[in-house]
Each structure stands twice: as structure tokens, then as C-alpha cells.
Amino acid sequence: MTTYNENLKKIRLELGLSQKEFAKVLVYNYRSISNWETGVRLPSIFVFQRIRKRFKIDLEDLFDFDEEE
């Protein structure tokens with residue numbers, strides 16, 4: 001099972017954005033992006049909402065929701 005941080009990095013790369021570019025769009029420091037992608041820190045729900053709105057991404061794409069588990 002992949003985690004939110006792996007999915008976040010995958011989505012960023014699919015968008016063709018560097019961590020600095022992604023951070024600029026989200027109005028965050030690029031170090032925050034690195035911390036989120038490595039699992040050092042967990043973004044707030046507001047960050048996930050901003051990602052969802054700015055990039056038209058479903059939260060299900062960030063989290064693995066497996067009903068069987």
C-alpha cells in the first residue's frame with residue numbers, strides 16, 4: 001500500500017513540477033514539500049484542500065482507500 005507522501009510526490013512529478021515550483025503554487029516553502037514527501041511531516045487538511053482545488057485532484061488520489069482493509 002502506498003502512502004500519502006508517495007502519492008503526493010507521484011502527483012507532483014506527473015504535473016511536471018519541481019518541489020520549488022509545487023511549493024510556489026501552494027504558497028509554501030519548498031522544504032515543506034520535501035518534508036511531506038519524505039514523511040517527516042504531515043500536511044494539514046488545509047494543504048490537501050489547496051492541492052485538491054489548485055490541481056483538480058481527488059483526495060482519493062492522495063490516499064489509498066481500500067475498503068477491504
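# A chat about a predicted five-helix chain

Student: Where is K56 found?

Tutor: K56 is found in the loop between α4, which covers residues 45-55, and α5. Please keep in mind throughout that this is a predicted model.

Student: Is K56 buried or exposed?

Tutor: K56 is exposed, because its relative accessible area is 73%, and the cut-off for that word is over 50%.

Student: And what is phi of K56 near?

Tutor: Phi of K56 is near 55°, which is a positive value in a residue other than glycine. V27 is a further case, with phi near 60°, again a positive value in a residue that is not glycine.

Student: Where is the place of V27, then?

Tutor: V27 sits in the loop between α2 (19-26) and α3 (30-38), and at 61% relative accessibility V27 counts as exposed.

Student: Back to the loop with K56: what about I57, buried or exposed?

Tutor: I57 also lies in the loop between α4 and α5, but I57 is buried, since its relative accessible area is 9% and buried means under 20%.

Student: Which residues is I57 in contact with, leaving aside neighbours within four places in sequence?

Tutor: With those neighbours left aside, I57 touches I11, I51 and R52. For I11 there is also a backbone distance to quote: the C-alpha atoms of I57 and I11 are separated by 8.8 Å, although the two residues are 46 residues apart along the chain.

Student: Moving on, what is in helix α5?

Tutor: L59 is one of the residues placed in helix α5, and at 30% relative accessibility L59 counts as partly exposed. The C-alpha atoms of L59 and Y4 are separated by 9.6 Å, with their positions 55 residues apart along the chain. D61 lies in α5 as well, the helix being residues 59-62, and D61 is partly exposed, with a relative accessible area of 44%.

Student: Which residues gather with D61 in a patch of negative charge?

Tutor: The patch lies on the surface and brings together E14, D58, E60 and D61.

Student: New topic: how many salt bridges does the count come to?

Tutor: The count comes to 1 salt bridge. The partners are E37 and R12, whose closest N and O atoms are 2.5 Å apart. E37 lies in helix α3 and R12 in helix α1, so the pair ties together parts that are 25 residues apart in sequence.

Student: Are E37 and R12 buried or exposed?

Tutor: Both E37 and R12 are buried.

Student: What does N5 contact, leaving aside neighbours within four places in sequence?

Tutor: N5, which is found in helix α1 (residues 4-14), is in contact with W36, E37, T38 and G39 once those neighbours are set aside. So E37 appears among the contacts of N5 and is also the salt-bridge partner of R12. N5 is buried, because its relative accessible area is 12%.

Student: G39 is on that list; how far apart in space are T3 and G39?

Tutor: From C-alpha to C-alpha, T3 and G39 are 8.9 Å apart, while in sequence they are 36 residues apart. T3 lies in the segment before α1, and T3 is partly exposed, with a relative accessible area of 34%.

Student: Stepping back, what does the secondary structure of the protein chain come to?

Tutor: The protein chain has 5 helices and 0 strands, and read from the N terminus on, its elements run α-α-α-α-α.

Student: What share of the contacts joins residues at least 24 apart?

Tutor: If you take the contacts in the protein chain between residues at least 6 apart in sequence, 55% join residues at least 24 apart.

Student: How much of the chain do buried residues make up, and what does the accessible surface come to?

Tutor: Of the 69 residues in the protein chain, 29% are buried. The accessible surface of the protein chain comes to about 5,100 Å², and carbon and sulfur atoms account for 49% of that area.

Notes
Residues are numbered from 1 along each chain as its sequence is written. This is a predicted model: local features need pLDDT of at least 70, side-chain atom pairs count only at pLDDT 80 or more; totals for chains, interfaces and linings use all residues. Side-chain values use heavy atoms; hydrogens and water are left out. Patches are made of residues with over 30% relative accessible area and no salt bridge: like charges are joined within 9 Å, nonpolar side chains (Val, Leu, Ile, Met, Phe, Trp, Tyr) within 5 Å. Accessible areas come from the Shrake-Rupley method with a 1.4 Å probe; for residues, only the protein chains shown count as cover. A salt bridge is a side-chain nitrogen of Lys or Arg within 4 Å of a carboxyl oxygen of Asp or Glu. Lys and Arg count as positive and Asp and Glu as negative; His and the chain ends are not counted. The place of a charge is taken as NZ of Lys, CZ of Arg, CG of Asp or CD of Glu. Helices (H or I, at least four residues) and strands (E, at least two) are DSSP runs, numbered from the N terminus. Buried means under 20% relative accessible area, exposed over 50%, partly exposed in between (1.4 Å probe, protein chains only). Contact means heavy atoms within 4.5 Å.
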